[in-house]
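Work through the exercises below with the sequence and the structure in view. Try each task before you read its solution.

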Amino acid sequence: MSRIFLIDAYSQIFRLFHALPPQAMSNHKGDPTNALFGMAKLFLQLNREFPSEFGALVFDCGKCQRRTALLPEYKAQRPPMPQELRAQVPRIRQWAEAFGWPLLQREGVEADDLLAAIARQRENCSVTILTADKDLGQLVQDGCVQLLRPEKGGKWNRYGEKEIQEKYGVPPRQLCDYLALLGDKADNIQGIPGCGPKTAARLLAQWDSIDGILEHWQELDPGKVKEALRTEKEHLLQNRELVRLDDLLPESWRGLETIRRQPPDWKRLSTLCQQEDFRSLQEEIQRHALPRQLTLDMGLDE
């Protein structure tokens with residue numbers, strides 16, 4: 001079975017930007033390089049450990065039109081991207097292309113929705129998504145779709161159905177309703193008053209879905225959750241729409257060929273290392289580039 005490997009771009013870029021202060025790393029021009037260096041190391045590691053026929057680096061692009069129409073305050077509390085990071089994003093894109101990763105985005109669509117759409121169009125391929133976003137747990141299906149999260153020491157935490165169940169107390173198919181009950185502070189989505197993780201999991205175990213919960217809310221013992229379900233039905237249904245993942249593909253989508261990975265351009269990567277003063281990375285990249293150059297010099301490349 002072929003593999004599709006997808007990277008939730010800003011999930012990883014922000015993670016690596018905050019892992020090392022921007023003032024700690026810069027090139028000879030004084031440009032910050034902390035996120036760029038982290039992403040370059042990540043691309044090297046992925047090239048070594050996760051070869052795949054298909055894959056892409058997937059970006060958010062503008063505000064999500066559907067969700068902001070439902071909730072104008074959606075993600076409104078988030079601060080703007082730091083300028084030290086904004087200046088690195090175009091160079092990160094250059095590195096990704098040099099490593100052979102297609103870049104995907106669509107105006108007004110979040111990366112989550114593009115990732116979901118591709119996973120649902122997988123054409124008998126297995127899908128691995130590198131992300132820290134819990135919403136994407138809705139997609140997990142053993143043997144088909146798994147999530148991957150980096151751990152300290154270069155290790156990986158894999159999430160299949162068992163891991164999602166253990167972490168949240170519900171299976172992937174119930175995760176959308178679970179998150180709708182809880183809300184999400186990071187996205188400015190307010191949950192149902194009095195409903196914490198254990199209560200949400202218990203309600204879904206008993207009645208399977210938000211629809212089932214709303215049908216049986218009168219059977220609950222008196223309390224804050226029962227009152228909230230009585231008065232906030234529309235709020236809860238709106239939350240579910242906010243959390244639900246769309247099936248919006250990039251406008252350039254032409255089937256899986258759109259995301260066919262290419263071999264890394266080691267010569268270009270070596271040049272990029274020189275431009276950014278990444279001496280330690282350049283040594284590893286040159287080890288890859290040398291056999292390729294010898295093949296070309298000997299006329300063995302066709």
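**Exercise 1.** Find which residue meets the side chain of Glu 110 in a salt bridge at 3.0 Å, and say which parts of the chain the pair links.

*Solution.* Start from the side chain of Glu 110, which meets that of Arg 67 in a salt bridge with 3.0 Å from N to O. Next, place the two residues along the chain: Glu 110 is in the loop between strand S3 (103-104) and helix H6 (111-120), while Arg 67 belongs to helix H3 (residues 65-70), so the pair links distant parts of the chain, 43 residues apart. Keep in mind while reading such distances that this is a predicted model. The last step concerns accessibility, where residues under 20% count as buried: Glu 110 is buried at 6%, and Arg 67 is buried at 2%.

**Exercise 2.** Work out which further salt bridges involve Arg 67 and Glu 110, and where the partners lie.

*Solution.* Take Arg 67 to begin with: it forms a salt bridge with Asp 113, and the closest N and O atoms are 2.7 Å apart. Because Asp 113 lies in helix H6 and Arg 67 in helix H3, this pair ties together parts that are 46 residues apart in sequence. Both Asp 113 and Arg 67 are buried. Turning to Glu 110, its salt bridge with Lys 75 has its closest N and O atoms 2.5 Å apart. Lys 75 lies in the loop between H3 and helix H4 (83-86) and Glu 110 in the loop between S3 and H6, so parts that are 35 residues apart in sequence are tied together by the pair. Lys 75 is partly exposed, with a relative accessible area of 22%. Elsewhere, Arg 66, Glu 241, Arg 244 and Asp 246 are joined into one network by salt bridges that share partners, and a search of the whole structure finds 19 salt bridges.

**Exercise 3.** Write down the order of the strands in the open sheet, and decide which strands stand at the edges.

*Solution.* The open sheet has six strands in the order S3-S2-S1-S4-S5-S6, and their pairing is mixed. Reading the order from end to end, S3 and strand S6 (156-159) stand at the edges with a single partner strand each, so one side of each is left without a neighbour in the sheet. For a closer look at one pairing, consider strand S4 (residues 126-130) and strand S5 (residues 145-150), which run parallel and are joined by four bridges. In S5, Leu 148 is the bridge partner of Leu 130.

**Exercise 4.** Explain why H6 is described as largely enclosed by the rest of the structure, and name what covers its buried residues.

*Solution.* First look at the contacts with the sheet: H6 packs on it, touching strand S1 (3-8), strand S2 (54-58), S3, S4 and S5, and the direction of H6 makes about 175° with that of S1. Then consider burial, since nine of the ten residues of H6 are buried, and the helix is therefore largely enclosed by the rest of the structure. Among the buried residues are Asp 112, Leu 114, Leu 115 and Ile 118. Finally, the cover over the buried residues of H6 includes S1, S2, H3, S3, S4 and S5. Another helix, H7 (residues 161-168), lies across S5 and S6 and runs at about 95° to S6.

**Exercise 5.** For the buried residues Asp 135 and Arg 149, find the nearest side chain of opposite charge and name some of the residues they touch.

*Solution.* Asp 135 has its place in the loop between S4 and S5. Although Asp 135 is buried, it has no salt bridge, and the nearest side chain of opposite charge is that of Lys 134, 5.2 Å away; the cut-off for a salt bridge is 4 Å. The residues that Asp 135 touches include Asp 112, Leu 179 and Val 243. Arg 149 lies in strand S5, and it too is buried without a salt bridge, with Asp 133 as the nearest side chain of opposite charge, 7.0 Å away. Among the residues that Arg 149 touches are Leu 130, Trp 156 and Tyr 168.

Definitions and conventions
Residues are numbered from 1 along each chain as its sequence is written. This is a predicted model: local features need pLDDT of at least 70, side-chain atom pairs count only at pLDDT 80 or more; totals for chains, interfaces and linings use all residues. Side-chain values use heavy atoms; hydrogens and water are left out. Buried means under 20% relative accessible area, exposed over 50%, partly exposed in between (1.4 Å probe, protein chains only). Two strands pair if DSSP finds at least two bridges between them. Contact means heavy atoms within 4.5 Å. Axes are lines fitted to C-alpha atoms, for helices over the stretch in contact, and angles run from 0 to 180 degrees between N-to-C directions. Lys and Arg count as positive and Asp and Glu as negative; His and the chain ends are not counted. Lists of a residue's contacts leave out its neighbours within four places in sequence.
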